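Biologist: I'd like to learn how to read pockets and charge pairs in a model. Can we walk through it together?

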Amino acid sequence: MRFPDNLRIRYGYAKALDRRADDQRSNELLQESIDAYYILLQRPDIKNEMFLIVGERCINRMRFRGQFAKAIAIHKQIIDRFPHEPKYRNQLAVTLLTVNRLSAAKIVLQDTLHLWPNDGFAQVHYGFVLKTKDNELNTAVKYLKSGIDSKAPGVIDGRFYFHLGDALIRLGKFEEASKVYEDGVSNQVFLSKYQRSLYNVNRLTGRPWWSKEQTSYTSFFKMLQDNWKLIKNEGMALLNKEGYFKNEAENLRDVGEWKQLELFSRGIKIKENCKKCPFTCKIIETLADAKDCRRGQVKFSVMHPGTHVWPHCGPTNCRLRSHLGLKVPPKTFIRVVNETRSWQEGQVFIFDDSFEHEVWHNGSDVRMVLIVDVWHPELSEMEKRTLPAI
Ligand code: LMR
Ligand code: MN
């Protein structure tokens, strides 16, 4: 290079690599461009204006490559250079949340809100952390509400409406929650008031309950029903052994005990578990739309007496959820939107878990079902292959 000391030429060189990386979809070139940006950022003579442009692009490219630790270091350098701009602190918080570093994000957001108490973007993110990490419902509601009301760029986002409504429900403030969900629909963050999944294919038919015939998997469900006793035996045998069933981990329980043993998850077979119940897994493997459903799971689900699961919506409208009743004591119920049903041993029912549902176990013995998620029957083969896993 003829003018290696000239920052603009160095920048032009990095940008050219960046563009070529894009054109050729080359990770190698992308890494070269990241390195070139990075070297530029280390120059003692780089001025703030250029540092910002180069730094933001470098962070963007690093995030794309999954280099979050390095990106976070650059975020911090930008904040040092622009300490009076909340925006750059908020960008750091978002990167930290992306890699699930909730505690670190919380500290950044707290600092930001200390300096700019009315920053709506920081407010919604802080409320989100209080809700999902700390379960601090009252304070979460306060921040989520005030952040959404600010209408600042980035605050009209399904996640914030979702968790605000959920926090209100758990606080018993049903009417307020209802209003939040309606506002969410007006702002197009939800498919409907009762269908609040956030990863959707919009054209798919949505209804709370499905009959077997409404899916394209009738013979599969018949096979599950015909073999329910053997499936039950496999599940029950594992229930009596230590360590296989794991507590439900999504903080959906109000009270009680609810455990699951996963056989397939996000389209991947969990081999060590399937070894313990080969018959059940063999049946699942007869249906590609179940075993390959990258937006679902297959699992035994065991619920103990005295359990209540909060009303909730699954993450996506791309799957239907079938339950095969295996051990069903009286006084166990599931509500999906406005229709409540009970399980029957040896029978399958199907619902769309992107719709609001709630579960009660008021009986006196454990309840076990096999949950099998299947791709929504209206998805194309191409969509089933390419939709990102959830
Ligand atoms: C749910 O998917 O939330 C519940 O239906 C699970 C269960 O075990 O009943
Ligand atoms: Mn559920």
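Modeller: Let's start with the second largest pocket, and bear in mind that this model is predicted. The general idea is simple: rolling a probe the size of a water molecule over the atoms shows where empty space is left. Here, the second largest pocket holds about 240 Å³ of space.

Biologist: Which residues are closest to the centre of the second largest pocket?

Modeller: Ile148, Asp149, Lys179, Val180 and Asp183 are the closest to its centre, out of 13 residues that line the second largest pocket.

Biologist: And which elements give two or more residues to that lining?

Modeller: Look at helix H8 (137-150), helix H9 (158-170) and helix H10 (174-186). H10 supplies the largest share of the lining, with four residues.

Biologist: How does the lining of the second largest pocket break down by class?

Modeller: You'll find six nonpolar residues, six charged ones and one polar residue there.

Biologist: OK, on to charges. How many salt bridges does the count come to?

Modeller: General idea again: side chains of opposite charge can pair when their charged atoms come close. In this model the count comes to 27 salt bridges.

Biologist: Show me a pair. What does Lys133 form a salt bridge with?

Modeller: Its partner is Asp134, and the closest N and O atoms sit 3.0 Å apart. For the setting, check accessibility: Lys133 is partly exposed, with a relative accessible area of 34%, and Asp134 is partly exposed too, at 23%.

Biologist: Which residue does Asp292 pair with?

Modeller: Asp292 forms a salt bridge with Lys291, with 3.2 Å between the closest N and O atoms. Asp292 has 33% relative accessibility, so it counts as partly exposed. Lys291, at 26%, is partly exposed as well.

Biologist: Now Glu358 and Arg335: how far apart are their closest N and O atoms?

Modeller: They are 2.8 Å apart, and the two residues form a salt bridge. Glu358 lies in strand E12 (residues 357-361) and Arg335 in strand E9 (residues 332-336), so this salt bridge ties together parts that are 23 residues apart in sequence.

Biologist: Is that pair buried or exposed?

Modeller: Buried means under 20% relative accessible area. Glu358 comes in at 11%, so it counts as buried, and Arg335 is buried at 14%.

Biologist: Which residues do the shared partners join into one network?

Modeller: Arg196, Arg335, Glu356 and Glu358 are joined into one network by salt bridges that share partners.

Key
Residues are numbered from 1 along each chain as its sequence is written. Chains are lettered from A and ligands numbered from 1 in the order in which they are written. This is a predicted model: local features need pLDDT of at least 70, side-chain atom pairs count only at pLDDT 80 or more; totals for chains, interfaces and linings use all residues. Side-chain values use heavy atoms; hydrogens and water are left out. A salt bridge is a side-chain nitrogen of Lys or Arg within 4 Å of a carboxyl oxygen of Asp or Glu. Buried means under 20% relative accessible area, exposed over 50%, partly exposed in between (1.4 Å probe, protein chains only). On a 1 Å grid over the protein atoms alone, a cavity is a set of points where a 1.4 Å probe fits but cannot get out, and a pocket is an open set with protein on both sides within 12 Å along at least five of seven lines; lining residues have an atom within 4 Å of a point. Grid points are joined across faces, edges and corners, and a volume is the space filled by probe spheres set on the points. Ala, Val, Leu, Ile, Met, Phe, Trp, Tyr, Cys and Pro count as nonpolar, Asp, Glu, Lys and Arg as charged, and the others, Gly among them, as polar.
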